[in-house]
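Got the viewer open? Here is a walk through this protein, one selection at a time.

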Amino acid sequence: MDPSATIFALASGGGRAGVAVVRVSGTQAGAVLAGLMGAERKAPETLPRQAVFSRLIDPTSGEGLDNGLVIWFPGPASFTGEDVAEFHVHGGAAVISGILNALSRMDGLRTAEPGEFTRRAFENGKMDLTAAEGLADLVEAETEAQRKQALRQLEGELGRVYESWRERLLSALAHSEAVIDFSDEDLPEDIAATAREEIAGLEHEIADHLADKRRGERLRDGLMIAIIGPPNAGKSSLLNLLSQRDVAIVSETAGTTRDVIEVHLDLGGYPVTLADTAGLRDDGGDAVEMEGIRRARRKAEDADLRLAVFDGQHWPVPDPSTAALVDADTLAVINKCDLGDLQAPLEINGQAALAVSALTGDGIYDLLSAVAKRVAGMMDAGGSPALTRARHREALQDCREALGRYLKGPEMSPELAAEDLRLAARALGRITGRVDVDDILDVIFRDFCIGK
Ligand SMILES: Nc1nc2c(ncn2[C@@H]2O[C@H](COP(=O)(O)OP(=O)(O)OP(=O)(O)O)[C@@H](O)[C@H]2O)c(=O)[nH]1
Ligand SMILES: [Mg+2]
């Protein structure tokens with residue numbers, strides 16, 4: 001991969017569309033513009049960042065390819081920091097391939113690798129790594145909450161938090177190094193103590209940020225909600241009702257569902273996966289059902305939230321195997337409330353239970369609100385931006401460990417103390433891409449779908 005080459009790619013999605021955008025970035029972008037606009041060229045160089053309507057031709061054959069808009073973004077004030085040309089053409093397959101083929105025949109041009117435009121933007125200092133990740137998340141975002149989180153990250157909120165921590169560390173490091181370099185001279189007496197205090201405060205902030213119950217990661221990946229309960233309680237009926245699709249087979253035979261059935265939903269802007277599972281029972285059932293029950297239990301354990309469904313016909317005696325699984329991360333539901341009044345109190349293991357009917361829809365609105373409230377509580381970061389990747393978490397843990405070592409050893413030599421601060425600052429720098437990231441860039445940008 002030649003990093004100095006001029007690169008091009010379809011920047012909009014594949015498939016037939018009214019408009020498609022082809023982007024070119026690099027030193028040849030100006031020549032590409034001139035080539036494709038031919039004699040009609042209205043010198044967009046004099047009109048940077050303005051749309052110019054033009055006929056577009058194949059520079060080799062002179063054949064007309066399309067009529068479209070051309071926009072010229074001279075570097076460094078462009079997305080990648082290089083000269084960039086954009087062609088907004090009709091989004092038909094033949095138009096797009098005509099333009100891409102014409103570009104591929106031009107000297108010094110090649111197709112962009114996945115994520116290469118964004119990688120160049122990062123390498124030219126247009127955005128830090130967290131912002132680049134935010135951009136990838138924004139393109140992937142399927143729900144409103146995901147979009148908000150991604151946009152905040154793209155706009156640099158998370159990067160700014162880490163960068164300000166790193167600056168505070170570097171300033172404490174400068175003080176520690178002053179103690180090493182000028183130990184015999186008269187430095188202010190409390191300089192080491194002040195640095196230590198500053199680091200203790202910072203360590204606290206990082207610990208708080210890490211103790212976020214994986215909010216940001218959950219929002220990125222979606223939350224897993226397992227529907228569990230005894231056979232025939234109406235779990236599959238509830239899944240079908242909540243997802244408004246006929247996904248799971250419903251029947252009066254106990255043990256109908258065996259495999260885990262998953263449905264992805266946008267719940268009030270939050271991404272969730274609802275998993276219907278085999279009814280839990282300890283006795284009976286064939287080998288297939290037993291395997292289904294094993295999977296159901298595993299799903300229940302792995303899920304972020306459980307919906308425990310009980311059969312209202314047996315109320316007030318809840319099924320003991322399922323009741324044993326009701327905890328603070330479980331919403332208890334008593335189904336089939338259409339069959340008769342349920343005896344109060346509606347409560348299982350001290351957790352309030354909701355009465356619903358998957359048949360008539362009674363109580364479903366309250367159930368949805370209760371689930372949405374729990375889900376929002378598990379994913380909302382509130383005021384501060386949340387870390388969104390395991391990569392961030394690992395680097396922050398490294399940082400915290402180094403700070404812990406520094407704080408534990410007041411009698412430690414100033415040289416060792418400074419080394420720990422340096423390691424902590426490096427760990428933070430890795431998140432934003434300031435230091436030590438060459439080895440991970442390929443992995444980070446390979447996953448981008450932009451520029452493919
Ligand atoms: N009256 C009434 N019947 C219901 C309700 N919900 C489900 N049923 C009936 O209860 C039976 C079992 O429903 P399912 O949704 O298959 O129950 P399940 O919990 O998925 O059962 P398994 O997959 O066997 O574990 C079916 O005959 C449903 O029509 C309800 O709210 N009221
Ligand atoms: Mg079922």
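The stops below go from the sheet that holds strand 1 to a metal site. Keep in mind along the way that this is a predicted model.

**Stop 1: the sheet with strands 1 to 6**

Select strands 1 to 6 and colour each one separately. You're looking at an open sheet of 6 strands in the order 3-4-5-2-1-6, with mixed pairing. At the edges you'll find strand 3 (52-57) and strand 6 (109-111); each has a single partner strand, so one side of each is left without a neighbour in the sheet. Turn the view and you can follow the twist: ignoring direction, neighbouring strands here are turned by 30° against each other on average.

**Stop 2: strand 1 and its partners**

Now select residues 6-10, which are strand 1. How many of its residues are buried? The count is 5 of 5, so to speak a mostly covered strand.

Show the side chains. In a regular strand, side chains alternate between the two faces of the sheet. Here, Thr6, Phe8 and Leu10 point one way, while Ile7 and Ala9 point the other way, and all of them are buried.

Next, add the partners. Strands of a sheet pair through backbone hydrogen bonds, either parallel or antiparallel, and strand 1 gives you both kinds. With strand 6 it runs parallel, joined by 3 bridges; look for phenylalanine 8, whose bridge partner in strand 6 is threonine 111. With strand 2, strand 1 runs antiparallel, and 4 bridges join the two. Pick isoleucine 7 and you'll see serine 25 of strand 2 opposite.

Follow the chain from strand 1 into strand 2 and you pass through a hairpin with 6 residues between the strands. Click on glycine 15 there: its phi is positive, near 90°.

**Stop 3: across to strand 5, then the helices on the sheet**

Stay on strand 2 (residues 17-25) and bring in strand 5 (residues 84-91). The two run antiparallel, with 8 bridges between them. Arginine 23 is a good one to click, as it stands opposite glutamate 86 in strand 5.

Then switch on helix 3, residues 116-123. Helix 3 packs on the sheet and touches strand 1, strand 2 and strand 6, and its direction makes about 135° with that of strand 1. Add helix 1 (residues 29-37) too. Helix 1 lies across strands 1, 2, 3, 4, 5 and 6, running at about 75° to strand 3.

**Stop 4: two helix pairs**

Select helix 4 (residues 129-140) and helix 5 (residues 144-154). Their axes come within 7 Å and cross at roughly 150°. Angles over 145 degrees count as roughly antiparallel, and helix 4 and helix 5 are therefore roughly antiparallel to each other. The crossing is left-handed. Residues making the contact include Leu135 and Leu138 of helix 4, and Leu151 and Leu154 of helix 5.

For the second pair, go to helix 13 (residues 390-408) and helix 14 (residues 414-432). Here the axes are 8 Å apart and the packing angle is about 170°, so helix 13 and helix 14 are also roughly antiparallel to each other. Their crossing is left-handed. Show side chains where the two meet: among them are Ala395, Leu396, Cys399 and Tyr406 from helix 13, with Leu421, Ala424, Leu428 and Ile431 from helix 14.

**Stop 5: the sheet with strands 7 to 13**

Select strands 7 to 13. This is an open sheet of 7 strands, ordered 8-9-7-10-11-13-12, with mixed pairing. Strand 8 and strand 12 (347-348) are the edge strands, each with a single partner strand, so each has one side without a neighbour in the sheet.

Zoom in on strand 8 and strand 9 (residues 270-276). They run antiparallel and are joined by 7 bridges; leucine 265 stands opposite valine 272 in strand 9. Strand 8 and strand 9 form a hairpin with 2 residues between them, and in the turn glycine 268 has a positive phi of about 55°.

Further along, strand 10 (residues 305-311) pairs with strand 11 (residues 330-335) in the parallel sense, over 6 bridges. Pick leucine 307 and leucine 331 to see one pair of bridge partners.

**Stop 6: the magnesium ion**

Finally, select ligand 2. Which residues are the protein donors of this magnesium ion? They're Ser236, through OG, and Thr257, through OG1, lying 2.0 Å from the ion. The pair links distant parts of the chain, 21 residues apart: serine 236 sits in helix 9 (residues 235-243), and threonine 257 in the loop between helix 9 and strand 8 (261-267). Both serine 236 and threonine 257 are buried.

Definitions and conventions: Residues numbered from 1 in each chain as written. Chains lettered and ligands numbered in written order. Predicted model: local features only at pLDDT ≥ 70, side-chain atom pairs only at ≥ 80, totals over all residues. Heavy atoms only, no water. Donors = N, O, S within 2.8 Å, 3.2 Å for Na, K, Ca; no water. Buried < 20%, exposed > 50% of the residue type's maximum accessible area, 1.4 Å probe, protein only. Pairing = 2+ DSSP bridges. Axes fitted to C-alpha atoms, helices over the stretch in contact; angles between N-to-C directions. Contact = heavy atoms within 4.5 Å. Parallel < 35°, antiparallel > 145°, perpendicular 65-115°, else oblique. Left-handed = near helix turned anticlockwise from the far one by under 90°.
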